[in-house]
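Me: I've got a protein here that I've never looked at before. Could you walk me through it?

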Amino acid sequence: MAIVFEKTSVLTDTVMHYCPGCGHGIAHRLVGEVIQEMGLQEKTVGVAPVGCAVFAYRYFNVDMQEAAHGRAPAVATGIKRVLGPESCVFTYQGDGDLASIGTAEIVQAAHRGEKITTVFINNAIYGMTGGQMAPTTLVGQKTTTSPYGRDKDHCGNPIRISEMLATIDGAAYIERVAVNNTANIIKAKKAIRKAFEAQMAGKGFSLVEVLSTCPTNWGKSAVESMEWLEEEMIPYYPLGVYKEV
């Protein structure tokens, strides 16, 4: 019988802890498939974040390093510089990790043009710690720390990471994608591959921002979450390539 689909060898057989409807599992699979298809499994080191993906080191069948909250780009920088250009080094970070405590780290890594790749999961909320407002939480969005909705006058506007990093000379490839439907998932995989290709070609820093869902903390079903991402997140966070050299 012909095999029409096979799980990538870059993912372990460990059962993932993510909530039903969460997009992390999809993003993990895409990263794993790209690494395998590019023949990079034996050369890859991933850096796991603090947050919902804190156990990523259990799921990726490559060398993994845990980093302190927000410090994944700094850890990845050290690994890449020690192992050299033949290695493939990526960070996998959420919006609380990357866009809050780790903002300086990601900006400076881009400014230095570090030859690393970041997969940035944006679900507009702090997931693991209780559903608090994140830097990416939309105006009017209700969270445990903004029960009446995010107030722009009090908290400012949500940060657009891709647009910001695209202005930096050291950034070689920046794209925003989503994993809320089949068409977008296919595009997301292509973007992740381009980001890894930019790294391996020595072009500079690369990042793929992945709009994802958090049904548990959004207080929605999995289907409702996919619809909310489409209707509310994408208009504020437009999909597309923001930098390519």
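Me: How many helices and strands does the protein have?
Reply: Keep in mind that this is a predicted model. Going by its backbone, the count comes to 10 helices and seven strands.

Me: What radius of gyration does the protein have, and what would a compact globule have?
Reply: For 245 residues, a compact globule would come out near 18 Å. The protein agrees with that, because its own value is 17 Å.

Me: What share of the residues is buried?
Reply: A residue counts as buried when its relative accessible area is under 20%. Out of the 245 residues in the protein, that share is 53%.

Me: How far apart do the centres of the positive and negative side chains lie?
Reply: There are 22 positive and 25 negative side chains in the protein. Take the centre of each set, and the two lie apart by 3 Å.

Me: Let's zoom in on glutamine 141. Where is its place?
Reply: Look past β4, which covers 117-122, and stop before α6, which covers 152-155. Glutamine 141 sits between the two, in the loop.

Me: Is glutamine 141 buried or exposed?
Reply: The cut-off for buried is under 20% relative accessible area. Glutamine 141 has 7%, so it is buried.

Me: Which residue has its backbone oxygen 3.4 Å from a polar atom of the side chain of glutamine 141?
Reply: Leaving out residues up to four places away in sequence, glutamine 141 touches several residues, including Ile125, Trp218 and Trp228. Ala124 is also among them. The backbone oxygen at 3.4 Å belongs to alanine 124.

Conventions. Residues are numbered from 1 along each chain as its sequence is written. This is a predicted model: local features need pLDDT of at least 70, side-chain atom pairs count only at pLDDT 80 or more; totals for chains, interfaces and linings use all residues. Side-chain values use heavy atoms; hydrogens and water are left out. Helices (H or I, at least four residues) and strands (E, at least two) are DSSP runs, numbered from the N terminus. The radius of gyration is taken over C-alpha atoms; the globule rule is 2.2 Å times the number of residues to the power 0.38. Buried means under 20% relative accessible area, exposed over 50%, partly exposed in between (1.4 Å probe, protein chains only). Lys and Arg count as positive and Asp and Glu as negative; His and the chain ends are not counted. The place of a charge is taken as NZ of Lys, CZ of Arg, CG of Asp or CD of Glu. A polar contact is a pair of N or O atoms within 3.5 Å; within protein, one must be able to donate a hydrogen and the other to accept it, and residues adjacent in sequence count only if both atoms are side-chain atoms. Contact means heavy atoms within 4.5 Å.
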